[in-house]
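Thanks for coming. I will take the two chains in turn, then the place where they touch. Have a look at the model first.

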Amino acid sequence: MITIESVTRTYGGFTAVDDVSFSAWPGRVTGFLGPNGAGKSTTMRIIVGLTRPTSGTATVSGRSYVDLPNPGLEVGVLLDASAQHAGRTGREILTVAQRFMGLPRNRVEEMLDLVSLTPQEASRRVRDYSLGMRQRLGIATALIGDPEVLILDEPANGLDPAGIRWMRGLLRDYADRGGTVLLSSHLLHEIEVIADDLVVIGNGRIVAQGAKSELLRSAGSIVRTTDREVVARALIESGVTWSPVGEDGLLAQADAEQVGKIAFAAGIPLIELRPADGAGLEEMFLELTAETQRDTISDNHPEGAVA
Amino acid sequence: MTTTDIASAPLVRTSSGTPTTHRGIPLSRITTTELHKMFDTRSGFWLLAGIGILALLATAAVILFAPDNELTYTSFATAIGTPMTVILPIIAILSVTGEWSQRSGLTSFTLVPHRGRVFAAKAISCVGVAVVTIPLAFAIGALGNVVGTAIAGVDPVWDLTVTNLLTIVLANVLGLLVGFMLGVLIRSSAGAIVAYFVYSFLLPGLALLLATSQGWFRDLQPWVDFHYAQSALFDGALTAQQWTHLGVTAAIWLVIPLTLGLGLVMRAEVK
């Protein structure tokens, strides 16, 4: 379990992480979502003690990371797959981790096998690795100590579709066996498919967090109609906010039943009406981050959000 | 959890929630791992191999080119020792700066969050390398002296005492620690290596120039010029005053900047 309480980190006058609090629970994959530069990586570096927070605390399994006697056996960390000595082979990089943790030597070959790096690839220097291979090596390094907690920063970067599916299965399985996974991404679909809980961050502040199912439910309905303007007016009169989608669609901040009743009362035929599940998170994400980018954070967070 | 448990454990943990207590990482294990890291890269391997190759080349050169009356143990030891005074500090520099220049510190300082222990381990393994390789160089030099004089048909001259050998080891360890200090302070491979060359090749010349032209500096030099104080170590036993010079200059040029650099490194953000 990972617990972050009121963590703030400033650089001069710039606040990279602003009063961030959230938890990642055992048995669940927590998706840490935000655009580039939102403060995801800084928050993760603070969790593992590479960056000192200006204020606030972060604990892993109830202890400060730096107080863990042998952190590799408790927390698997992958912050940047490219941050490796380019002159070392993949096998040597795993060997260094295996030595630090005091693990038996055969763990190295086991992990190479787990992440599907062939013996030939493992004997090549990391300089010659593709980003996808570096990610696999990084995941192997994170898992070699058989930790209870995984912290992965953008692990899907550079993986091919088959690799992404493989990693998704690996992390799902890991969480189902009781592990805690904190996974960051700016790739909405990747997070949406795998995460149980979501923490959305924009400009250093948490803009929404909660169970994925709750956040999606609050994301409204997609409605397509023959006369968008009339429906839009009717929605506003009923106190429902909306945003345009495509040529003839609307994303209404209400459930499908309510939207259907409003359109029926307005006498406008609908072409399509459905819960916004698929596109919902993306809409929410863009909306929330756009709000913080305009620096006008509204107080009415989406229903279910525990900000 | 014992190591056998880890070996037989499934690849992904089956349960969690119960806080497990692991034993801490002993400094000895960090040190052997850091030692391993010094030579498992291409650059590290060739630097170590370079010491051996240059020692053999230097020995061969002395045998081929030195006149018979200069076939002494000092000639061999000097020829072999000179490249080592360059390579050993570079090994120390790269051991430190690689964590930043190659960004491997992201992993190292995550696996061992107490950075002081990582740097202690690096310092121990660097000094360890010096203490092992320098006597090895002396041995190659001795072999060269025996072979060279036999080829020339003259008697071998053993003109270095045990004290000489020990002070030369000390001089090399100090040079290596200067490299280590520059690595900690500058945290960039290129920057630290350039700084080392400025320190060991450019500054002595400037100091010499200054001492010959300025009387006040001539008197001050032994107290402020670390390189000058170290060079006495190559010339035999030191007097009490020379030891004092060495201690004072080492404090100024080694201990203070190293302390400063370590203080910064403990706090610095690793990206």
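What pattern does chain B follow when read along the sequence? The pattern is α-α-α-α-α-α-α-α-α-α-α. Before going further: this is a predicted model. The count for chain B is 11 helices and 0 strands.

Some overall figures for chain B. Along the principal axes, its C-alpha atoms fill a box of roughly 75 × 50 × 30 Å. The chain has 271 residues, and 35% of them count as buried. If you take the contacts in chain B with a separation of 6 or more, 76% are between residues 24 or more positions apart.

One helix pair in chain B is worth a slide. Helix 4, residues 73-101, packs against helix 7, residues 162-186, at an angle of about 35°. The axes of these two helices are 8 Å apart. The crossing of helix 4 and helix 7 of chain B is right-handed. Which residues of helix 4 and helix 7 of chain B meet? On the helix 4 side they include Gly81(B), Met84(B), Thr85(B), Leu88(B) and Pro89(B), and further along Ile93(B), Val96(B) and Thr97(B). On the helix 7 side they include Ile168(B), Asn172(B), Gly175(B), Gly179(B), Phe180(B) and Gly183(B).

Now chain A. Its secondary structure comes to 11 helices and 13 strands. Chain A has 307 residues, and buried residues make up 50% of them. For contacts in chain A with a separation of 6 or more, the share from residues 24 or more positions apart is 71%.

Chain A is divided into two domains: domain 1 runs over 2-210 and domain 2 over 220-275. How many Å apart are the C-alpha centres of domain 1 and domain 2 of chain A? They lie 41 Å apart.

In domain 2, I would like to look at helix 10 of chain A, residues 256-266. Val259(A), Ile262(A) and Ala263(A) in this helix are buried. They cover an arc of only 95° around the axis, which puts them on the same side of helix 10. On the other side of helix 10, the exposed residues are Glu257(A), Lys261(A), Phe264(A) and Ala265(A). Please note that a phenylalanine, Phe264(A), is on that exposed list. What covers the buried residues of helix 10 of chain A? The cover includes strand 10 (221-225), helix 9 (228-237), strand 12 (249-252) and strand 13 (270-275) of chain A. After helix 10 comes Gly267(A), with a positive phi near 75°.

That is a glycine; two other residues of chain A have a positive phi without being one. The phi of Asp146(A) is near 50°. Asp146(A) lies in the loop between helix 5 (131-143) and strand 6 (149-153) of chain A. Is Asp146(A) buried or exposed? It has 21 other C-beta atoms within 10 Å, and the cut-off for buried is 20 or more, so Asp146(A) is buried. Glu154(A) is not a glycine either, and its phi is about 50°. Glu154(A) sits in the loop between strand 6 and helix 6 (161-176) of chain A. With 22 C-beta neighbours inside 10 Å, Glu154(A) also counts as buried.

One more position in chain A. Val207(A) lies in strand 9, residues 205-211. It is buried, with 25 other C-beta atoms within 10 Å. Val207(A) and Phe285(A) are 78 residues apart in sequence, and their C-alpha atoms are 9.2 Å apart in space.

Last, the contact between the chains. It takes 45 residues from chain A and 38 residues from chain B. On the side of chain B that touches chain A, helix 1 (3-8), helix 2, helix 3 (42-65) and helix 5 (105-111) each supply at least two residues. The largest share of that side, 5 residues, comes from helix 5 of chain B.

A helix pair also spans the two chains. The axes of helix 2 of chain A, residues 90-101, and helix 2 of chain B, residues 27-39, come within 8 Å. Those axes cross at roughly 165°, and the two helices are therefore roughly antiparallel to each other. Their crossing is right-handed. Val96(A), Arg99(A) and Phe100(A) from the chain A helix meet Arg29(B), Thr33(B), His36(B) and Lys37(B) from the chain B helix.

That is what I have. I will take questions now.

Notes:
Residues are numbered from 1 along each chain as its sequence is written. Chains are lettered from A and ligands numbered from 1 in the order in which they are written. This is a predicted model: local features need pLDDT of at least 70, side-chain atom pairs count only at pLDDT 80 or more; totals for chains, interfaces and linings use all residues. A residue is buried if 20 or more other C-beta atoms lie within 10 Å of its own, exposed if 12 or fewer, and partly exposed in between; C-beta atoms are placed from the backbone. Helices (H or I, at least four residues) and strands (E, at least two) are DSSP runs, numbered from the N terminus. The arc is that of the directions from the helix axis to the C-beta atoms. Two residues are in contact if their C-beta atoms, placed from the backbone, lie within 7 Å. Domain bounds come from an automatic or database domain assignment. Axes are lines fitted to C-alpha atoms, for helices over the stretch in contact, and angles run from 0 to 180 degrees between N-to-C directions. Angles under 35 degrees count as roughly parallel, over 145 as roughly antiparallel, 65 to 115 as roughly perpendicular and the rest as oblique. A crossing is left-handed if the near helix is turned anticlockwise from the far one by less than a right angle, and right-handed if clockwise.
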